[in-house]
Amino acid sequence: MSTTKRGLFITVEGNEGSGKSTQIKILADRLRSAGYDLLLSAEPGGTRIGREIRRILLHKENPELSPTAELLLMFACRAQNVDEWILPALAAGKLVLSDRFTDSTLAYQGAGRGLGSEVVLDIDRIACRGLVPDLTLCFMVDIETGLARAHARNRRSQEVETRLDEEETAFYRKVRDAYYQLANDEPERVKIIECNRPMSEIADDAWREVENFLASRIARFA
Ligand code: TMP
């Protein structure tokens with residue numbers, strides 16, 4: 001099934017330990033079962049170059065990475081994904097599902113690091129050239145539960161990509177508040193999915209948002 005004339009761009013966001021990765025898998029399966037031709041992207045990560053940049057950004061051996069370098073690397077990764085994967089897939093009419101996009105940078109570097117949303121949006125104009133998600137699902141869990149989960153997972157798997165899991169609680173509070181602010185500013189696009197409840201309920205809620213959105217788009221282009 002082709003989605004619309006241009007394809008559709010859905011992003012998934014979330015704070016630490018929200019269960020976002022599990023929810024993306026469920027969502028992708030449901031979209032494929034519904035007949036959509038999907039491209040799955042991820043940030044930081046995605047393309048081969050994106051995955052190399054991810055290693056620099058998240059490896060625990062890079063504590064000296066400066067906030068500005070961190071910001072620019074997030075966008076270097078995004079620019080590569082946009083040019084190599086996302087724009088061609090959208091031009092081919094696919095549905096692109098990206099694990100994180102610029103809203104993450106607004107939340108983590110803009111708010112969390114205190115660099116401000118202006119500077120983030122300035123670089124976004126260069127890296128993404130006006131590409132904005134059509135729908136953004138934001139999986140949110142309370143900070144204590146989320147960090148406890150993330151730290152337990154890191155210990156279990158002897159994870160090395162932990163550089164961004166070791167900040168002060170105040171950092172995660174700013175990140176979380178920024179996501180709620182985004183949802184408040186753009187209620188049509190950004191949907192908060194609360195995650196302090198059973199996984200199946202969360203998945204059903206997310207699917208409802210996606211179905212509503214797809215139905216409205218298909219009606220508009222019919
Ligand atoms: P992940 O755990 O969802 O793969 O994300 C890795 C970390 O990268 C997570 O702590 C959020 C962070 N991040 C940013 O700080 N800024 C960004 O722009 C992106 C895409 C992720």
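## Ala89 and its surroundings

In this predicted model, Ala89 touches Leu39, Lys94 and Val96, when residues up to four places away in sequence are not counted. Ala89 itself is placed in helix α3, a helix that covers residues 67-91. Its relative accessible area is 6%. Ala89 is therefore classed as buried, since that class takes in residues under 20% relative accessible area.

A distance along the chain may be set beside a distance in space. Ala89 and Ser21 are 68 residues apart along the chain, and their C-alpha atoms are separated by 22 Å.

## Overall architecture

The protein contains eight helices and five strands. Read from the N terminus, these elements follow the order β-α-β-α-α-β-α-α-β-α-α-β-α. The radius of gyration is 17 Å, close to the 17 Å that the globule rule gives for 222 residues, so the protein is as compact as a globular protein of that length. Along the principal axes, the C-alpha trace spans about 50 × 40 × 35 Å.

Contacts across the chain can also be described by separation in sequence. Of the contacts between residues at least 6 apart in sequence, 81% join residues at least 24 apart.

## Interior, surface and charge

Of the 222 residues in the protein, 50% are buried. The protein exposes about 10,600 Å², and carbon and sulfur atoms supply 53% of this area.

The protein carries 31 positive and 35 negative charges. The mean positions of these two sets of charges are 3 Å apart.

## Helix α5: a buried face and an exposed side

Helix α5 consists of residues 117-127, and its buried residues are Val120, Ile123, Asp124 and Ala127. Viewed down the helix axis, these buried residues fall within an arc of 110 degrees, so they line one face of α5. The general geometry of helices helps to explain such a pattern. An α-helix has 3.6 residues a turn, so residues three or four places apart point the same way.

The buried residues of α5 pack against two other helices, α3 (67-91) and α4 (102-112). On the other side of α5, the residues Glu118, Arg125 and Ile126 are exposed.

## Backbone features

Certain backbone angles deserve attention. Most residues other than glycine have a negative phi, and most peptide bonds are trans. Just after α5, Arg129 takes a positive phi of about 50 degrees. Arg100 also has a positive phi, near 80 degrees, although this residue is not a glycine. Arg100 is placed in the loop between β3 (95-99) and α4, and it is buried, with a relative accessible area of 13%. Gln158, another residue that is not a glycine, has a positive phi of about 45 degrees. Gln158 belongs to the loop between α6 (143-156) and α7 (169-185). With a relative accessible area of 70%, Gln158 is exposed.

The peptide bond that joins Glu43 and Pro44 is cis, with omega at about -10 degrees. Pro44 lies in the loop between β2 (38-42) and α2 (48-58).

## Asn15: a buried loop residue

Asn15 has its place in the loop between β1 (8-14) and α1 (20-33). This loop residue has 6% relative accessibility and counts as buried. Apart from residues up to four places away in sequence, Asn15 touches Tyr108, Phe139, Met140, Val141 and Arg176.

## Phe213 in helix α8

Phe213 is placed in helix α8, which covers residues 199-221. At 9% relative accessibility, Phe213 counts as buried. Leaving aside neighbours within four places in sequence, Phe213 is in contact with Leu8, Ile10, Asp134 and Leu135.

Phe213 and Arg32 are 181 residues apart in sequence. In space, the C-alpha atoms of Phe213 and Arg32 are 16 Å apart.

Notes: Residues are numbered from 1 along each chain as its sequence is written. This is a predicted model: local features need pLDDT of at least 70, side-chain atom pairs count only at pLDDT 80 or more; totals for chains, interfaces and linings use all residues. Side-chain values use heavy atoms; hydrogens and water are left out. Helices (H or I, at least four residues) and strands (E, at least two) are DSSP runs, numbered from the N terminus. The radius of gyration is taken over C-alpha atoms; the globule rule is 2.2 Å times the number of residues to the power 0.38. Buried means under 20% relative accessible area, exposed over 50%, partly exposed in between (1.4 Å probe, protein chains only). Contact means heavy atoms within 4.5 Å. Accessible areas come from the Shrake-Rupley method with a 1.4 Å probe; for residues, only the protein chains shown count as cover. Lys and Arg count as positive and Asp and Glu as negative; His and the chain ends are not counted. The place of a charge is taken as NZ of Lys, CZ of Arg, CG of Asp or CD of Glu. The arc is that of the directions from the helix axis to the C-beta atoms.
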